[in-house]
Amino acid sequence: MSALVSIITPTFNSEKYLSETIISIQNQSYTNWELLLVDDCSSDNSLKIAHQFARQDSRISVFAFQENKGPAKARNFAIEKAKGNYLAFLDSDDIWFPNFISNNIQTIEKHNVTFLCSSYKRANAQLEIFYSDFIVPQKVTYKDILKTNSIGCLTAFIAIDKVGKKFMPLLNKRQDMGLWLSYLKEIPFVYGIQEPQAIYRIRNESISSNKFTLIKYQWEIYRKIEKLTLINSIYYLICWMYFGYLKHKN
């Protein structure tokens, strides 16, 4: 029997895009997956849309918070529920290409690695490609992530049957980076697939769209989560700001 892939999708007021995201999962050439949709107390039709898909596809499970708890708690709730051999994340406005899962599993088997990420295309709200593709390094280490988070949450793919489950720090932002760092303390690197495997939708109202607001959370990662020295934290924050400028200017 083929390995099970657990896919985690938190939703919060995502009615405009959620259907496209779910359909991109249903269109995967690899079919043995479970989708864990966690609605974080949406005030729009996100939960209704999620239930509509779940009624038609038994691979989809829907959970709903009665109060807004934030993306970290939503993802951690789903990580706890996940039953798969592999763990992947897809936010409720992003898109996977049809061979995303199959390419990841093939790469894991070919290169004997436990954590993958891949390059992705960057589009506007209408899925029009207007930035250059973001190309990941072939190998990403702990120190690399401290300088710049080159692992897009939408392309992270983890063999949890080999490296176990870990959970995101309870931050409003940058919680995915915290999770990557926790794994990279135990594995030498994350393997990067250079060919784009997904589309990252950049929206003005996105929680991560204003990079200036992220500085506080980036600092928390360095000082509170990773417990770096003050000098090292300042050094990595400067690196992060520089590489962030390069990443988003094109």
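# A walk through the predicted model

Let us start with helix α1, which covers residues 18-26 and has Leu-18, Thr-21, Ile-22, Ser-24 and Ile-25 as its buried residues. Looking down the axis of α1, you would find these buried residues within an arc of 155°, so they line one face of the helix. Please keep in mind along the way that this is a predicted model. What do the buried residues of α1 pack against? Their partners are strands β1 (5-11), β2 (33-39), β3 (60-64) and β5 (95-96), together with helix α2 (46-56).

A second helix to visit is α3, residues 71-81. Its buried residues are Ala-72, Ala-74, Arg-75, Asn-76, Ala-78 and Ile-79. The cover over them includes β1, β2, β4 (86-89) and α7. Strands β1 and β2 thus appear beside the buried residues of α1 and also in the cover of α3.

Now step into the loop between β1 and α1, where Glu-15 is found. With a relative accessible area of 35%, Glu-15 is partly exposed. Setting aside neighbours within four places in sequence, Glu-15 is in contact with Asp-44, Asn-45, Ser-46 and Ile-49. For a sense of scale, pick out Thr-229 as well: Glu-15 and Thr-229 are 214 residues apart in sequence, and their C-alpha atoms are 43 Å apart in space.

The loop between β1 and α1 also holds Asn-13, which counts as partly exposed at 32% relative accessibility. Its backbone deserves a look. Most residues other than glycine have a negative phi. Asn-13, though not a glycine, has a positive phi of about 50°. Another asparagine to look at is Asn-112, with a positive phi of about 55°. Asn-112 sits in the loop between α4 (100-111) and β6 (115-118), and at a relative accessible area of 63% this residue is exposed.

Next come the charged side chains. How many salt bridges does the model hold? The count comes to seven, and three of them can be followed here. In one of them, the side chains of Asp-133 and Lys-121 meet at 3.1 Å, N to O. This pair links distant parts of the chain, 12 residues apart: Lys-121 belongs to strand β7 (121-123), while Asp-133 is in the loop between β7 and β8 (139-140). Both ends are partly exposed, Asp-133 at 29% relative accessibility and Lys-121 at 26%.

Another salt bridge joins Lys-166 and Glu-186, with an N to O distance of 2.9 Å. Here too the pair links distant parts of the chain, this time 20 residues apart. Lys-166 is in the loop between α6 (160-163) and α7 (175-184), and Glu-186 is in the loop between α7 and β10 (190-193). Are the two ends buried or exposed? Lys-166 counts as buried at 18% relative accessibility, whereas Glu-186 is exposed at 55%.

The next pair lies within a helix. Lys-224 and Glu-220 meet in a salt bridge of 3.9 Å, N to O. They are four residues apart in helix α8 (residues 215-225), so about one helical turn separates them. An α-helix has 3.6 residues a turn, so residues three or four places apart point the same way. In this pair, Lys-224 is exposed, with a relative accessible area of 57%, while Glu-220 counts as buried at 16%.

From charged groups we turn to nonpolar ones. Leu-230, Ile-234 and Ile-238 make a nonpolar surface patch of about 270 Å². One of these residues, Ile-238, is found in helix α9 (residues 230-249) and counts as exposed at 53% relative accessibility.

The tour ends with the cysteines. Why does the structure hold zero disulfides? A disulfide needs two cysteine sulfur atoms within 2.5 Å. The sulfur of Cys-117 has its closest cysteine sulfur in Cys-153, 12 Å away, which is too far for a bond. Cys-239 is likewise in no disulfide, since its nearest cysteine sulfur, that of Cys-117, is 19 Å away. As for their surroundings, Cys-117 is buried, with a relative accessible area of 0%, and Cys-239 also counts as buried, at 12%.

How values were computed
Residues numbered from 1 in each chain as written. Predicted model: local features only at pLDDT ≥ 70, side-chain atom pairs only at ≥ 80, totals over all residues. Heavy atoms only, no water. Buried < 20%, exposed > 50% of the residue type's maximum accessible area, 1.4 Å probe, protein only. Patch = residues over 30% accessible without salt bridge, like charges linked within 9 Å, V, L, I, M, F, W, Y side chains within 5 Å. Areas by Shrake-Rupley, 256 points an atom, 1.4 Å probe, with all protein chains shown as cover. Salt bridge = Lys/Arg side-chain N within 4 Å of Asp/Glu carboxyl O. Helix = DSSP H or I, 4+ residues; strand = E, 2+ residues; numbered from the N terminus. Arc of directions from axis to C-beta. Contact = heavy atoms within 4.5 Å.
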